[in-house]
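Here are a few exercises to help you find your way around. Try each task on the structure yourself, then read the worked solution.

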Amino acid sequence: MADIRSIRLGRLHGQAWRFLALIAGSGVLLHLGGCGATLGDLTTASVTSYQAANLFAPAGYSISANSDGSVHVTAAGSPGTPSDRLEKIALAAAADYGLQQHQKTFTSTPPQTTFKCGKTKIAEKGQQVTIKPTDLRVVAIDVTYGRDGIAPAARNTRETADALKAQISSETVPPDVQAAATQEVSQQCGRPL
């Protein structure tokens, strides 16, 4: 009987901590919002981590199907995120997706780097308002999965996912590398340095 109570209390305890973390996180966002921080500041201020991209946080990976049966994987990152880190994120996402689909191996095309330059003005109440743009570096690969690993360049999905996610989580990007990456994105988007 005592074990059941401790399990229930443990669950309640975990839920309470999640609730407190949510409240604290909301307070941080409200505090930043009050200081004039923009969505761009919150989504692209640091080096991008291994996470899925979404409408509110465009930095991260996304996966879509190609018409030929292959998969298109992109990894978008903040201006300070170098291309080689985004390539690791894209490959890790491809490997994770392959695991979910019960695929043992995959091959990928060479990574292609592009830049997505954000808007600098929006219309608000009939007037043009200047905003801080959300510029992104984007690395894309096309991936084909196979169960047998016949292709000489085939990668094991589980080993690749585990190794790359470990590298990404432990890796730090030196400030000078971040500055050089940011400068490259600024130049590509025609921003003043």
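**Exercise 1.** Find out which residues Ala94 touches, not counting residues up to four places away in sequence.

*Solution.* Start at Ala94 and look for contacts, meaning heavy atoms within 4.5 Å. Setting aside residues up to four places away in sequence, you should find Val73, Phe106, Ile141, Val143 and Tyr145.

Before going on, a word on the numbers: this is a predicted model, where local features need pLDDT of at least 70 and side-chain atom pairs count only at pLDDT 80 or more, while totals for chains, interfaces and linings use all residues. Residues are numbered from 1 along each chain as its sequence is written, and side-chain values use heavy atoms, with hydrogens and water left out.

Now step back to the nonpolar core (buried Ala, Val, Leu, Ile, Met, Phe, Trp, Tyr and Cys residues joined through side-chain atoms within 4.5 Å). "Buried" is under 20% relative accessible area, "exposed" is over 50%, and "partly exposed" is in between, with a 1.4 Å probe and protein chains only. The largest such core has 20 residues, and Ala94 is among those with the most contacts inside it. Strand S2 (71-77), helix H3 (83-100), strand S7 (136-146) and helix H4 (157-170) each supply at least two residues. H3 gives the most, with 8 residues. Helices (H or I, at least four residues) and strands (E, at least two) are DSSP runs, numbered from the N terminus.

**Exercise 2.** Place Ile141 and decide: is Ile141 buried or exposed?

*Solution.* First, locate Ile141 in strand S7. Next, check its relative accessibility: at 3%, Ile141 counts as buried. Then look at its surroundings beyond four places in sequence, where its contacts include Val71, His72, Ala90, Leu91 and Pro110. Finally, compare Ile141 with Thr107: they sit 34 residues apart in sequence and 9.8 Å apart in space, C-alpha to C-alpha.

**Exercise 3.** Work out which residues of H4 are buried and how they are arranged.

*Solution.* Go along H4 and pick out the buried ones: Thr157, Thr160, Ala161, Leu164 and Ile168. Look down the helix axis, and these residues fall within an arc of 95 degrees (taken from the directions from the axis to the C-beta atoms), so they line one face of H4. Turn to the face pointing away from that buried side, and you meet the exposed residues Arg158, Glu159, Ser169 and Ser170. What covers the buried residues includes H3, strand S3 (105-108) and strand S8 (155-156). Last, check the N-terminal end: Asn156 caps H4 there, with a side-chain oxygen 3.0 Å from the backbone nitrogen of Arg158.

**Exercise 4.** Search the whole structure for disulfides and describe what you find.

*Solution.* Look for pairs of cysteine sulfur atoms within 2.5 Å, the cut-off for a disulfide. The search finds 1. Its partners are Cys117 and Cys189, with sulfur atoms 2.0 Å apart. Cys117 lies in the loop between strand S4 (112-116) and strand S5 (121-124), and Cys189 in the segment after helix H5 (175-188), so the pair ties together parts that are 72 residues apart in sequence. For handedness, use the torsion about the S-S bond: about -85 degrees, so the disulfide is left-handed. As for accessibility, Cys117 is partly exposed at 39%, whereas Cys189 is buried at 12%.

Terms used:
A polar contact is a pair of N or O atoms within 3.5 Å; within protein, one must be able to donate a hydrogen and the other to accept it, and residues adjacent in sequence count only if both atoms are side-chain atoms.
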